[in-house]
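Please read this report beside the sequence and the model. It starts with one strand and works outward.

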Amino acid sequence: MEEFVQHLINGISLGSIYGLVALGYTMVYGILKLINFAHGDVYMMSTFFGFYFARWLGFAYTPSVIGALIVLFLAMAACALLGFTIERFAYRPLRKMPRLNLLITAIGVSLLLENGGQILFGAEPKFFPELIARTELFRFGNISISNFQVIIIVVSLSFMALLQYIIFHTKQGKAMQAVSFHHEHASLMGINTDRIISFTFVLGSALAAAAGILVGLAYPRIDPLMGVLFGLKAFVAAVLGGIGSIPGAIVGALIMGLSEEMVVGYFSSTYRDALAFFLLIVILLVKPTGLFGKSTSEKV
Amino acid sequence: MKALLDITSLTMRFRGLVAVSNFNLALKKNELVGLIGPNGAGKTTIFNMLTGVYRPTEGQIHLNGHPLNDLKPHDITRLGMARTFQNIRLFKDLSVLDNVRLGHHIHFTYGLFSTALQTQHLHQEELETQAHSLELLKIFDLDTYQDLKAKNLPYGAQRKLEILRALATKPKILLLDEPAAGLNRKETEELMHTIQKLRKEFDLTILLIEHDMKLVMGICERILVLDHGETIAQGTPKEIQSSPIVIKAYLGEPQA
Amino acid sequence: MTKQILTFLIISSLLFFGNFIVPAMMNPYLFMILIYCGINIIMGVSLNIINGITGQFSIGHAGFMAVGGYVSAAISFYFLMPLLSLFPSDNTISLLCQNTLFVFSILLGGVGAALFGYLVGLPSLHLRGDYLGIVTLGFGEIIRVIILNLDFIGGARGFTGIPAWSNFFWVYFFAVAVVMISFRLLRSSHGRALLSIREDEIAAESIGIPITRYKVKAFVLSSFFAGIAGGLFAHFIGYLNPSSFTFIKSFEAIIIVVLGGMGSISGAIVAAVITTILPEALRPLQEITKTDFRMVIYPLLLLTLMLTRPQGLFGHKELSDIISPFLKRKKSL
C-alpha cells in the first residue's frame with residue numbers, strides 16, 4: 001500500500017511536468033491546428049538556457065532558492081522569445097499553405113534545434129547545476145516526499161492556475177478562445193489574430209521552459225536530444241486528453257505520468273517508453289478525439 | 001404511378017436543434033420540383049440527407065424501392081442520384097476535362113492490373129470516356145476550355161461544369177443546389193432552357209433548390225416551401241405565388 | 001501490346017549491359033551513391049502516391065521500408081540461401097536461379113510491407129489529416145521497436161549475412177517499374193480518383209468514389225513499393241539495423257516528395273537524386289570542420305524551400321508538362 005502511494009506521488013509529480021509541456025501542444029493545436037513538433041525542443045532549450053544562465057550569473061556555484069527562481073524566469077523569458085521567433089519566422093508565413101507544408105516546417109525547426117543544439121552545446125550530456133539541494137521534506141513510514149516533488153507540483157499547479165486565469169478571465173484569453181474557434185470570424189470582430197497567435201506561442205513556450213528547469217533540477221542530466229522522447233510523451237498526453245482541450249491536456253498528462261510510474265514500478269522499466277506509443281495507438285484507434293476532445297465537422 | 005424517390009417523415013436533429021422536421025416528398029419520374037425557402041430553412045440539409053452526407057434522425061428515403069438511409073454517399077450516387085453543391089466543389093486544380101471525366105469514374109470497369117499493363121480494355125474505355133466527356137462539355141460550350149484548370153473558369157462556367165460533372169455519373173435523379181447563384185439574368189434564362197433540355201435528353205428527374213424566383217416559377221412543375229425546417233406550403237407555381245402563408249414567410253416582391 | 005514488349009526488352013537490355021559497364025566506370029563510392037539514388041527514387045515515388053497524389057499525411061514510410069527489408073532478408077537468409085547451396089554454384093543455371101529467387105524474395109518483402117500497410121491504413125485512413133499523420137508516425141516507430149526486440153532477425157545488433165544479390169540491374173529495374181506503374185496509375189481513372197480525393201473528398205464521394213477504400217488501396221500500393229525498396233537496400237549492404245529506419249528516414253522521404261512537388265512523379269525522381277547526392281557533396285565540409293553540419297543544413301534548406309517555393313520544383317506538373325510548351329514553340333518557328 002505504501003509503495004502504491006509512493007508511486008502515486010511520483011506519478012503526479014511526473015504528470016505535472018508533462019502537463020506543462022502538453023499545454024503548449026494543445027494550445028497551439030487549438031489555435032492553429034498545427035502539431036508543433038518543435039515544442040519538445042523548446043523544452044530542451046530551456047534546460048540549456050538554465051544551465052548557461054546559472055553559470056554566467058554565478059548561481060551554479062552558490063546554490064540558493066532566489067538563484068533558482070531567477071534562472072527559472074530567465075529561462076522562461078528566453079524560451080518565450082524563442083517560441084515567438086519560431087512562430088513569427090517559420091510558421092506565420094506559411095499559414096495559408098496546405099497543412100502538410102506547415103507540419104514539415106515544424107519538423108524542420110525541430111531537427112534544426114536538435115542538431116544545432118548538438119553542434120552548439122556538444123552532443124555529450126551536461127549536468128544541470130544543483131541550484132537547490134535535494135532534501136526529504138516529509139516521511140510517512142516508507143513514503144518519502146522530496147522537496148523537488150513538492151516544488152514540481154506546486155510550481156506546475158501555480159502556472160496551470162495562472163494559465164486558467166489568463167484564458168478564462170482576461171481579454172487576451174477570451175480572444176484566444178475566439179481565434180481557436182474560428183480564425184476569420186475572430187479577425188472580423190477586430191481581434192488581431194497574429195498577435196493572439198504569437199501570445200499563445202509565448203505562453204506555451206514559457207510553460208515548457210518552466211518544465212525544463214524543473215526537470216533540470218530534479219534530473220540533472222541534460223542533452224540536446226532530451227526533448228524528443230519527453231516531447232513525444234507530453235504530446236501523447238495532450239492527444240489522450242483531447243488535443244485542443246486545455247483541461248484535457250492536464251488530465252492526459254496526469255494519466256500519462258501515473259501510468260508511466262506504475263509501469264516502471266510494477267512491471268519493468270524497459271517498457272516505460274513503449275507505453276507512450278502503446279497509449280497513442282490505443283487512443284487513436286478507439287477515440288481519436290481524446291477524452292475531452294470534440295470533433296469538428298465541415299459544412300457541406 | 002409509383003414515386004421514383006420516396007421521402008417520408010424526414011427529420012434532422014442536431015443535438016436539440018431541429019434543422020428539418022417531417023419533410024415528405026414523392027418525386028415522380030421526370031418531374032421538375034423546386035425547393036425554396038429563406039436561408040437556413042433546411043433545404044441543403046435535406047439534400048445532405050438524401051445524398052448520405054448526413055444520417056437522418058427520423059424518416060425514410062427510398063430510391064426505386066431501395067432504402068437509402070444507411071448508405072454512404074458514394075453508394076447513393078451509384079444507385080443513380082447525383083448532386084451539385086451550394087458552394088461549388090469542383091476539383092480546382094484539375095482540368096475541366098478531368099472534372100467531367102471523374103464523373104464517369106463509376107462506369108469504368110478496368111482495374112489496377114489493366115492500369116499497370118495498359119491493356120486494350122483500358123485504352124478503349126478511356127477513349128470512350130474522353131469522347132463522352134467532350135460531348136457533355138459541348139452542351140455548355142466548355143469544350144474549348146477542356147485543358148484549363150477548373151479554378152480558372154469564370155464563376156458561372158464553374159457552376160455549369162459542376163452540373164456536367166454530376167451528369168457524367170448518368171444519374172436518374174439530379175439534385176441541383178442553387179444552380180443559378182451568381183448568374184445574371186441572361187445566363188439564368190439560358191440555364192432555365194438548358195435544365196429543361198437536359199431533363200428531356202437525359203431522361204432526368206430533377207429536384208432543385210433556388211432563390212431565383214424567375215427560374216423557380218418558370219420551370220418547376222411543383223414547389224415546396226420550407227421555413228425553419230418545416231414544409232409550410234406545397235403546390236404549383238401559381239398556387240405558391242398566391243399563397244398568403246408563403247408570401248408572409250418568404251416571398252416578397254418578385255426579383256426585377 | 002507489341003510496343004510494350006519491345007519497350008520492355010529495350011529497357012531490360014540497356015539495364016543488363018549497364019550492369020556490367022556502369023560499375024566498371026566508377027569507383028565503389030560513386031556506385032554506392034548511384035544505387036542509393038535508385039532506392040530513394042522508389043521511396044520518393046512510392047510516398048508520392050499517398051502524400052502527393054492522394055493528399056494524405058503519411059509520415060512513417062520508413063516503417064514499411066523496414067518491414068520489406070527485414071522480410072525479404074529473412075526469406076533470403078533462412079530459406080533461399082540454404083536452398084541455393086544445394087546446387088553447384090558458379091554456373092549460369094545457378095545464377096539464373098539466384099536471380100529468380102531474389103526477385104521472389106524482393107516481391108515477398110513488398111507483400112509483407114503491403115500487409116502492414118493494410119493493417120495500419122484500414123483503421124486509420126478515415127481519420128482527419130493530422131491524426132493520420134500521428135498514427136503513421138506512431139506505427140513507424142512501433143515497427144522499429146518491434147524489430148529491435150526480435151532476435152531471429154538480429155534485434156539491436158542488426159541482421160548480418162544477407163546475401164549481396166542487389167545490383168545495378170535489379171535496383172534500376174524495379175525503379176523503372178515503380179515509376180512506370182506510377183505514371184500509368186496517374187494517367188488512369190483510378191489515378192484521377194486519387195487526385196479527386198486530394199482536391200475535395202466530399203465532392204469525390206458525391207460522384208461515387210469510395211474514398212476510404214481508395215485511400216487504403218493507395219496506402220497499400222505505396223507500402224508495397226517501399227517494401228521493395230527495403231529489400232533492395234538490404235541485399236545491397238548485406239546488413240540491416242533498425243537504426244536505419246528511424247523517423248529521419250521517413251523525413252528524408254517526405255523531403256523528396258515536398259522538394260519534387262506534391263503529386264509530381266518526375267519531381268520525386270529529380271528530388272530523390274538531389275537529396276541522395278547533396279549530403280555526400282557536403283561531406284568534405286564535414287571533414288574540414290569535423291562537425292556534421294549536414295543535419296543542420298538539411299532542415300535549413302527545407303525551411304528555406306517551404307518559405308520561398310513551397311510547391312517544390314515541379315509543383316503538380318510532370319516533366320512532360322514543362323517541356324511541351326517549348327516543343328510547341330519550336331514547331332511554330
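Thr205(B), Leu207(B) and Ile209(B) point one way from β8(B), Ile206(B) and Leu208(B) point the other way, and all are buried. A residue is buried if 20 or more other C-beta atoms lie within 10 Å of its own, exposed if 12 or fewer, and partly exposed in between, with C-beta atoms placed from the backbone. Strand β8 spans residues 205-209 of chain B and is mostly covered, with five of its five residues buried. Strands here are DSSP runs of E with at least two residues, helices are runs of H or I with at least four, and both are numbered from the N terminus.

The model is predicted: local features need pLDDT of at least 70, side-chain atom pairs count only at pLDDT 80 or more, and totals for chains, interfaces and linings use all residues. Residues are numbered from 1 along each chain as its sequence is written, while chains are lettered from A and ligands numbered from 1 in the order in which they are written.

**The sheets of chain B**

Which strands are joined to β8(B) by bridges? Strand β3 (residues 32-36) of chain B runs parallel to β8(B), and four bridges join them. Strand β7 (residues 173-177) of chain B is also parallel to β8(B), with five bridges. Two strands pair if DSSP finds at least two bridges between them. Some residues that face each other across strands are set out below.

| Residue | Partner | Strand of partner |
|---|---|---|
| Leu35(B) | Ile209(B) | β8(B) |
| Gly34(B) | Leu208(B) | β8(B) |
| Leu175(B) | Leu207(B) | β8(B) |
| Arg13(B) | Val18(B) | β2(B) |

β8(B) also closes a right-handed β-α-β unit, made with β7(B) and helix α7 (residues 185-202) of chain B. A crossover is right-handed if, with the strands pointing away from the viewer, the path from the first strand over the helix to the second runs clockwise.

The wider sheet is open and has six strands in the order β6-β7-β8-β3-β9-β10 (chain B), with mixed pairing. β6 (81-83) and β10 (230-235) of chain B stand at the edges, each with a single partner strand, so one side of each has no neighbour in the sheet. On average, neighbouring strands of this sheet are turned by 20 degrees against each other, direction ignored. Helix α1 (residues 43-50) of chain B packs on the sheet and touches β3, β6, β7, β8 and β9 (222-227) of chain B. The direction of α1 makes about 150 degrees with that of β7(B). Axes are lines fitted to C-alpha atoms, for helices over the stretch in contact, and angles run from 0 to 180 degrees between N-to-C directions.

Chain B has another open sheet, of four strands in the order β2-β1-β4-β5 with antiparallel pairing. Its edge strands are β2 (17-27) and β5 (66-67) of chain B, each pairing on one side only. Seven bridges join β1 (residues 5-14) of chain B to β2(B), and these two run antiparallel.

**Two unusual backbone angles**

Most residues other than glycine have a negative phi. Asn22(B) is not a glycine, yet has a positive phi of about 50 degrees. Asn22(B) lies in strand β2 of chain B and is partly exposed, with 14 other C-beta atoms within 10 Å. Glu178(B) also has a positive phi, near 50 degrees. Glu178(B) sits in the loop between β7 and α7 of chain B. Is Glu178(B) buried or exposed? Glu178(B) is buried, because 20 other C-beta atoms lie within 10 Å.

**Where chain C touches its partners**

In all, 29 residues of chain C are in contact with 29 residues of chain A. Contact means that the C-beta atoms of two residues, placed from the backbone, lie within 7 Å. The largest share of this side of chain C, 10 residues, comes from α5(C). By class, this side has 21 nonpolar, six polar and two charged residues. Ala, Val, Leu, Ile, Met, Phe, Trp, Tyr, Cys and Pro count as nonpolar, Asp, Glu, Lys and Arg as charged, and the others, Gly among them, as polar.

Toward chain B, 22 residues of chain C are in contact with 25 residues. Here α7(C) gives the largest share, seven residues.

**Confidence**

The mean pLDDT of chain C is 89. pLDDT is the predictor's confidence in each residue, from 0 to 100. Among the elements of chain C, helix α14 (residues 319-332) has the lowest mean, 66. Where pLDDT is low, the predicted coordinates should not be read in detail. The complex has an ipTM of 0.91 and a pTM of 0.88 from the predictor.
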